[in-house]
Amino acid sequence: MPKNSKVIQREQSHEHVTESVADLLAHEEPLDYKSSSLNVGAAAGKKVPQIEVPENDGRPAWNSKLQYILAQVGFSVGLGNVWRFPYLCQKNGGGAYLVPYFILLLIIGIPLFFLELAVGQKIRRGSIGVWNYVCPRLGGIGMSSLMVCGFVGLYYNVIIGWSIFYFFQSFQHPLPWSDCPIRRNGTIAFVEPECDKSSATTYFWYRQTLNTTSTIAESGGLNIKMTLSLLVAWIIVCLAVIKGIASSGKVMYFSSLFPYLVLFCFLVRGLMLKGSIDGIAHMFTPKLEKMLEPQVWREAATQVFFALGLGFGGVIAFSSYNKIDNNCHFDAVLVSVINFLTSILATLVVFAVLGFKANIMNEKCISENGEKILGYLNSNLLSHDLIPPHVNFSHLTPSDYAEVYSVIKTVKEDDFAQLGLEPCLLEDELNKAVQGTGLAFIAFTEAMTHFPASPFWSVMFFFMLINLGLGSMIGTMTGITTPVLDAYKVQKELFTVCCCIVAFLCGLLFVQRSGNYFVTMFDDYSAGLPLTVVVILENVSVAWVYGTKRFMQDLEDMLGFRPSIIYFYLWKYVSPLCLIVLISATVIELAISPPGYNAWVQELAQERFQSYPPWALAMCFALIVVAMLPLPIVFIVRHFNLMSDGSNKLSVSYRKTMMKDISNLEEQDEARFILGAKPGDVPLSGLARKPYVTPTGNKSVDPNSLSPNVLKMNVTYALCSPESK
């Protein structure tokens, strides 16, 4: 037996044991009690046989550690790493934003990610079972987590559907969004006005892909192309998760690794493009004054929070299929670092490509304004004396144009606005912040039209988005199916198929012509505040209800070493405080920001902010309330004993070896149950003879005198005892 085994520690210690017997069992490695040979001879110096861990408790397991790591990486690394992190980095001070992000990753991200991995691995259940086990009154945490997973899965798969549509549209040359469509009116040909006022990629997105309405109130009916794309997306997800980790684990080998191949290819190709270095330099030039703004820290904390998938239940579900002695601390650090480096890699790729696009747009601006100046010179509105002799309008460089622009602006100060000249600064193009669908389906897509062999790069890009989304969807679906399959005996395949069918039918809301606005609504309201509340309750239930000291001891039993004392203080004080501040900031942001959405106005060919109508506003707040409703309901019904709390259920990893014995405990001698000896054969070992402290006081009680009912009652106390902190 290892030297740091809890049994050895207690045999050598003279301290009172403060746990109930059932809790003591729950903290030990799983025992095969029928074959165990622990006896009083151990205390007399005889060799203690090694305790065997059950090889198979009936729960599925990962085929390899690599498969598990790829699953966690695939879940945490998603679309947000590609289109959210670069935007936040650009908006919040460039390279300076990385400092608060990394600090918050260390004090919030890694500790809470480690916490979720540990509780899932220790208790070996999904989110509902885990929090019922830790403290039954807070069992609503798992249910709220499941609700949020459902909401997010509904609209997230719509984005995968959009990517599938663009993926198939990429198999043609030229790309269908490279030029504006030409309309004919008899013998007259003209460019589509909506496209002419915006751009070819913007028109293709809003009109030919979404065919969007001008307001959320106008349904416009189903968009058949998007409906079929959504159906394909749900079929892919269903096939990936239908066998649980047996099928999703194999999918992860490809869906988790392929995006990195594409990102590296794009990075190499992007660095070869003109202007890519300008984009990267702009991206990482630190604006240190931004670090003093509270908004920067709030957005960094939110991004850390969602980048790792905290609170969704997918992290807990994946880790519940691990062996009990897996080094989840190493996993937490590794996955968090991979996630951070992936965000940096994606940012390099995005701004290398956007730097190239900015140079293209800047050259176009200089060319158009140069023609205007030539026209003014030819019509004598401007004097030729204003133009420096070295300027050649047939090859107008950015520096030459900047010089001409400055001279004209100085000389024609009063009439300059009437000339309609633009400064054409590269910095202005790079400062145009784009995120989300605007980055993936408009800005990045437009940049790829200027690539040589643009269809190939477009196919690669949207196939990467499909795989990034698929990895996150697998984790989200696992966060839904695992808790339900743990709690109820239903056929896995049938339940998964039913979930996908129901989700597809509910997802029809998002493939109406106004569906894009509902995607924005769900993204803004269904996950942000509810998930933050879920995670802070997870933190509090482990650190303050279950007890940080007890949890640290559990980790030592699992890992074979005690994690750094820093985690003790992070879990107990730092993380809860940071999360309370984040919740407060989120509520304030919701209160002061007018609820609304950016609607595409066809007549103006541009987006315009519109407030939600009353029914949509009610829907926004209903999403928040419904997601958090299980928290107070479960607390109330269990506080007043209106429903069973299931607190006498030990970890699933022990069910097959212990539950049968526990159910028959009244007919069995306790010495035989714990020691594997014949009734009355031997007294309890040194471990069991130690004084037992009752929940209500410090009076020592002989464990042999405790009835089975008392033992069972003490399980509930052990799970939620404040004395254990």
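**Three buried helix residues and an annotated site**

Ser575 sits in helix α26, which covers residues 565–592. In this predicted model, Ser575 is buried, and its relative accessible area comes out at 0%. Setting aside residues up to four places away in sequence, the contacts of Ser575 are with Ile107, Ile108, Pro111, Leu112, Asn539 and Leu570.

Turning to the annotated site, an unreviewed UniProt entry lists Gly74, Val77, Asn81, Asn339, Leu468 and Ser472 under "binding site". These positions are spread over 399 residues of sequence, yet they cluster in space, with a largest C-alpha distance of 12.8 Å.

Two of the listed residues are worth a look here, starting with Leu468, which is found in helix α22 (residues 454–487). Leu468 has a relative accessible area of 5%, under the 20% cut-off, so it counts as buried. Leaving out residues up to four places away in sequence, Leu468 touches Gly74, Val77, Gly78, Leu79, Val82, Tyr156 and Pro259. Among these partners, Gly74 and Val77 also appear in the UniProt list.

Ser472 is placed in helix α22 too. At 7% relative accessible area, Ser472 falls under the 20% cut-off and is therefore buried as well. With residues up to four places away in sequence again left out, Ser472 touches Gly74, Phe75, Val77, Gly78 and Tyr156. With Tyr156 there is also a polar contact: the side chains of Ser472 and Tyr156 are joined at 3.5 Å. Tyr156 is likewise one of the residues touched by Leu468, as are Gly74, Val77 and Gly78.

Technical notes. Residues numbered from 1 in each chain as written. Predicted model: local features only at pLDDT ≥ 70, side-chain atom pairs only at ≥ 80, totals over all residues. Heavy atoms only, no water. UniProt positions renumbered as here; feature names shortened; annotations may be inferred. Helix = DSSP H or I, 4+ residues; strand = E, 2+ residues; numbered from the N terminus. Buried < 20%, exposed > 50% of the residue type's maximum accessible area, 1.4 Å probe, protein only. Contact = heavy atoms within 4.5 Å. Polar contact = N/O pair within 3.5 Å; in protein donor to acceptor, adjacent residues only side chain to side chain.
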